[in-house]
Amino acid sequence: MILLTESTIPPKATDSSRYPISARNALFREAAYYRSADFFLRGNWNDPRIDSLWAQQLAAFDSAIALLPVPGERVTLQGDGFEIPAIFFGSGVPGPRPTILMCNGYDGSQEEMYHAVGEAVLQRGINVITFEGPGQPTVRRQRGIGFIPEWEKVVTPITGYASSRHDVDASKIGLRGQSSAGCLAPRAAVIAFDGLYSFAQAIYDQFGPELTALYQSGDEETFNRIILGVLADPATPTAIRWALEQGLWSFKAASPFEFASEVEKYTPDGIVQNIATPVFVAAAQEEMFFAGLAELLAEKLGDLATYHLFESIDGAGEHCSLGASVLSSQVVLD
């Protein structure tokens, strides 16, 4: 991978006073490269690049959003025992505006949410507030806190902040959870994109029936030995190795058995009946991680759910409809 550095950016693009759009785009690319370079580094929690590459992507992204027509505003909010990094993106339309709060999932950052859907929201005159909670990239790095299932502890301070702003219409605030946040966000009210009833079930489906049965038997020693053996095997496919390493890191789990025990808490069982707000539940036809779980969420929500299947014939059938963001934004936002 070639990182975009000062030596590889065309000279005109670096002059933000004369070429602000080109400079902004170059900085967004730089941030994306640093995020991508960090992606497979979870196997060694002490690897200094986990922090140094992230600091570089944050710096590049902040420089980019300073060049937006309405510059992005970073804020840090106080949660229940943790801090919540957030970014406010104003639509530029006068007066209090509808606002969508949005967070990413298992591995994604709030910076990615700007590109995934944030820009499309702003184009429609709606404000955007991206944020991260425990277990997500910046909070996990800077505060050392793994995921928590009680996502309302993250969303409540964000909602309070949004409501306090003069440019936000407090009666028109929505929430979007991307990827595995489609399981977290329904605890607070939402667009679940993709919908996910049980993150625990998604992980156990990846384990397969034999490993899941072994975990459920309580044989911690054997379960750990098998999973650690998979991680140590050079022949293990990269996708499987990454998924396990990301899970251990983002949940701050000391062992595979602890990780499996933690994800067991990530299901709306026992609280789904308390959800009173309509939820848009998106599903992808070729969903590779959460197959069938969006449909289950819609079924459990009943009349509160608006279910939509994004299809492969439209290029939108992959996880989170990657590759068809214009179409998915049109369906969800219009």
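Reader: Starting with Arg143. What's its relative accessibility, and how does that count?

Author: Arg143 has a relative accessibility of 43%. That counts as partly exposed, because the class runs between 20% and 50%. Keep in mind that this is a predicted model.

Reader: Which side chain does Arg143 meet in a salt bridge?

Author: Glu83. The N to O distance is 2.3 Å. Glu83 sits in strand 2 and Arg143 in helix 4, residues 137-143, so the bridge ties together parts 60 residues apart in sequence.

Reader: And Glu83, what's its accessibility?

Author: Glu83 is at 27%, so it is partly exposed.

Reader: How many salt bridges does a search of the whole structure find?

Author: Eleven. One of them pairs Arg165 with Glu73, at 3.2 Å from N to O. Glu73 belongs to strand 1, residues 73-78, and Arg165 to the loop between helix 5 and strand 5. They are 92 residues apart, so this pair links distant parts of the chain.

Reader: Arg165: buried or exposed?

Author: Buried, at 15% relative accessible area. Its partner Glu73 is partly exposed at 33%.

Reader: What does Lys153 form a salt bridge with?

Author: Asp80. Their closest N and O atoms are 3.7 Å apart. Lys153 is in helix 5 and Asp80 in the loop between strand 1 and strand 2, so parts 73 residues apart in sequence are tied together. Lys153 is partly exposed, at 34%. Asp80 is exposed, at 53%.

Reader: Which residues are linked in a network of salt bridges?

Author: Asp38, Arg42 and Arg141.

Reader: Back to that loop. How many residues lie between strand 1 and strand 2?

Author: Four, and the two strands form a hairpin. In the turn, Gly81 has a positive phi of about 90°.

Reader: How many bridges join the two strands?

Author: Six, and strand 1 and strand 2 run antiparallel. Thr76 stands opposite Pro85 of strand 2.

Reader: New topic, packing. Which residues touch the most other members of the largest nonpolar core?

Author: Five phenylalanines: Phe131, Phe207, Phe223, Phe251 and Phe259. That core holds 44 residues. Helix 7, residues 199-207, contributes the most to this core, six residues.

Reader: What is Phe259 in contact with, beyond its neighbours in sequence?

Author: Leaving aside neighbours within four places, the contacts of Phe259 are Tyr106, Ile203, Phe207, Gly247, Leu248, Phe251 and Ala253.

Reader: And what lies apart from that core?

Author: Another core, of 27 residues. Among them are Phe61, Ala64, Val128 and Ala282.

Reader: Last one, pockets. How much space lies in the largest?

Author: About 1,000 Å³. The largest pocket is lined by 34 residues.

Reader: Which of those are closest to its centre?

Author: Tyr106, Asp107, Trp242, Ala243 and Phe289. Tyr106 also appears among the contacts of Phe259.

Reader: Which elements give two or more residues to the lining?

Author: Helix 3 (110-123), helix 7, helix 9 (220-232) and helix 10 (238-250).

Reader: Which one has the largest share?

Author: Helix 10, with six residues in the lining of the largest pocket. Helix 7 turns up in the lining too, and helix 7 also gives the most to the largest nonpolar core.

Key
Residues numbered from 1 in each chain as written. Predicted model: local features only at pLDDT ≥ 70, side-chain atom pairs only at ≥ 80, totals over all residues. Heavy atoms only, no water. Core = buried A, V, L, I, M, F, W, Y, C linked by side-chain atoms within 4.5 Å. Buried < 20%, exposed > 50% of the residue type's maximum accessible area, 1.4 Å probe, protein only. Contact = heavy atoms within 4.5 Å. Salt bridge = Lys/Arg side-chain N within 4 Å of Asp/Glu carboxyl O. Pairing = 2+ DSSP bridges. 1 Å grid on protein atoms, 1.4 Å probe; cavity = no way out; pocket = protein on both sides within 12 Å on 5 of 7 lines; lining within 4 Å. Points joined across faces, edges and corners; volume = space filled by probe spheres on them.
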